[in-house]
Amino acid sequence: GLRYKPLREYNVHLGVERLFKIGRRAEDNWLLRVLGSVADGTDVRLKEPLYNYTLLYVEGAHYTDKPSRSMLYGEARQGLTLNHDDRFFFRPHVFAAARVWSPDRDKSSLYEAGPGLTFSWLFNETAYSAPRSSVEVTAQYRIGQLYNRLGSAKKSDGVFVTTVLTY
């Protein structure tokens, strides 16, 4: 695929991707994508022990070939960043997320919300440079509704954990 960032000062990306059928549930298709985010408090603020944490992420996608369909995903988070020693960061937050398909052929549209906690650790610094690496772990208790194949709502509550290593 190809991804392009048309505006330097904004976190907006446009993408074109080619999907190849490898496996039973895979498909040959073209995917057009636009995504963007705004954030406050996700960056490192040295010597500032407590500050706001806000994140808004939106992604839209369209599969062009048959079966043609579109998807919209969004997630919003609001909380605080607690800075410990400019190396460890805790971000308690609440969030809301939605994934909507049109048409929803697999009945997998989802709406959810709940509490979360992100922990970040910065490392791999030298006496002459800032940390170049990090580990980030986000745990969220997601309370939601999954619209199943029968067309009725089904609870999809549970703990979800995401880990990102940047080296």
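Of the 167 residues in the chain, 31% count as buried, where buried means under 20% relative accessible area, exposed means over 50%, and partly exposed lies in between (1.4 Å probe, protein chains only). The structure is a predicted model, in which local features need pLDDT of at least 70 and side-chain atom pairs count only at pLDDT 80 or more, while totals for chains, interfaces and linings use all residues. Residues are numbered from 1 along each chain as its sequence is written, and side-chain values use heavy atoms, with hydrogens and water left out.

## Overall architecture

The chain contains 0 helices and 10 strands. Helices (H or I, at least four residues) and strands (E, at least two) are DSSP runs, numbered from the N terminus. Along the sequence the pattern therefore reads β-β-β-β-β-β-β-β-β-β. The C-alpha trace spans about 55 × 35 × 30 Å along its principal axes. Among contacts (heavy atoms within 4.5 Å) between residues at least 6 apart in sequence, 47% join residues at least 24 apart.

The average pLDDT, the predictor's confidence in each residue on a scale from 0 to 100, is 91 for the chain, and 95% of the residues score at least 70. Confidence is highest in strand S4, at a mean of 97, and lowest in strand S9 (residues 153–155), at a mean of 68.

## Core and surface

In soluble globular proteins, nonpolar side chains tend to be buried together. In this chain the largest nonpolar core has 5 residues in all: Leu31, Ala61, Tyr63, Met71 and Trp101. Such a core is a set of buried Ala, Val, Leu, Ile, Met, Phe, Trp, Tyr and Cys residues joined through side-chain atoms within 4.5 Å. Not counting residues up to four places away in sequence, Trp101 touches two other members of this core, Tyr63 and Met71, along with Arg69, Ser70, Ser108 and Ser109.

The chain exposes about 10,900 Å², of which carbon and sulfur atoms supply 62%; accessible areas come from the Shrake-Rupley method with a 1.4 Å probe, and for residues only the protein chains shown count as cover. Val38, Leu56, Val58, Leu72, Val100 and Tyr111 make a nonpolar surface patch of about 490 Å². Patches are made of residues with over 30% relative accessible area and no salt bridge; like charges are joined within 9 Å and nonpolar side chains (Val, Leu, Ile, Met, Phe, Trp, Tyr) within 5 Å. One member of the patch, Leu56, lies in strand S4 (residues 50–63) and is partly exposed because its relative accessible area is 39%.

Ala113, in strand S7 (residues 110–123), is likewise partly exposed, at 30% relative accessibility. Leaving aside neighbours within four places in sequence, Ala113 is in contact with Phe95, Ala96, Tyr141, Arg142 and Ile143.

## Salt bridges

Side chains of opposite charge can pair when their charged atoms come close. A salt bridge is a side-chain nitrogen of Lys or Arg within 4 Å of a carboxyl oxygen of Asp or Glu, and the whole structure holds 13 of them. The table gives three.

| Acidic residue | Basic residue | Closest N and O atoms |
|---|---|---|
| Glu17 | Arg33 | 2.9 Å |
| Glu75 | Arg77 | 2.9 Å |
| Glu112 | Arg142 | 2.4 Å |

The pair of Glu112, in strand S7, and Arg142, in strand S8 (residues 133–147), links distant parts of the chain, 30 residues apart. Glu112 counts as buried because its relative accessibility is 11%, and Arg142 counts as buried because its value is 9%. Elsewhere, salt bridges that share partners join Arg3, Glu17, Arg33 and Glu59 into one network. Within that network, Glu17 counts as buried, at 18% relative accessibility. Glu75 and Arg77 are buried too.

## Backbone features in the loops

Most residues other than glycine have a negative phi, and most peptide bonds are trans. A cis peptide bond joins Lys66 and Pro67, with omega about 5°; Pro67 sits in the loop between S4 and strand S5 (69–84). The bond from Ser102 to Pro103 is also cis, with omega near -10°, and Pro103 is in the loop between strand S6 (88–102) and S7.

Asp86, in the loop between S5 and S6, has a positive phi of about 55° although it is not a glycine. Asp86 counts as buried, since its relative accessibility is 13%. Asn124 also has a positive phi, near 70°, and is found in the loop between S7 and S8. At 26% relative accessibility, Asn124 counts as partly exposed.
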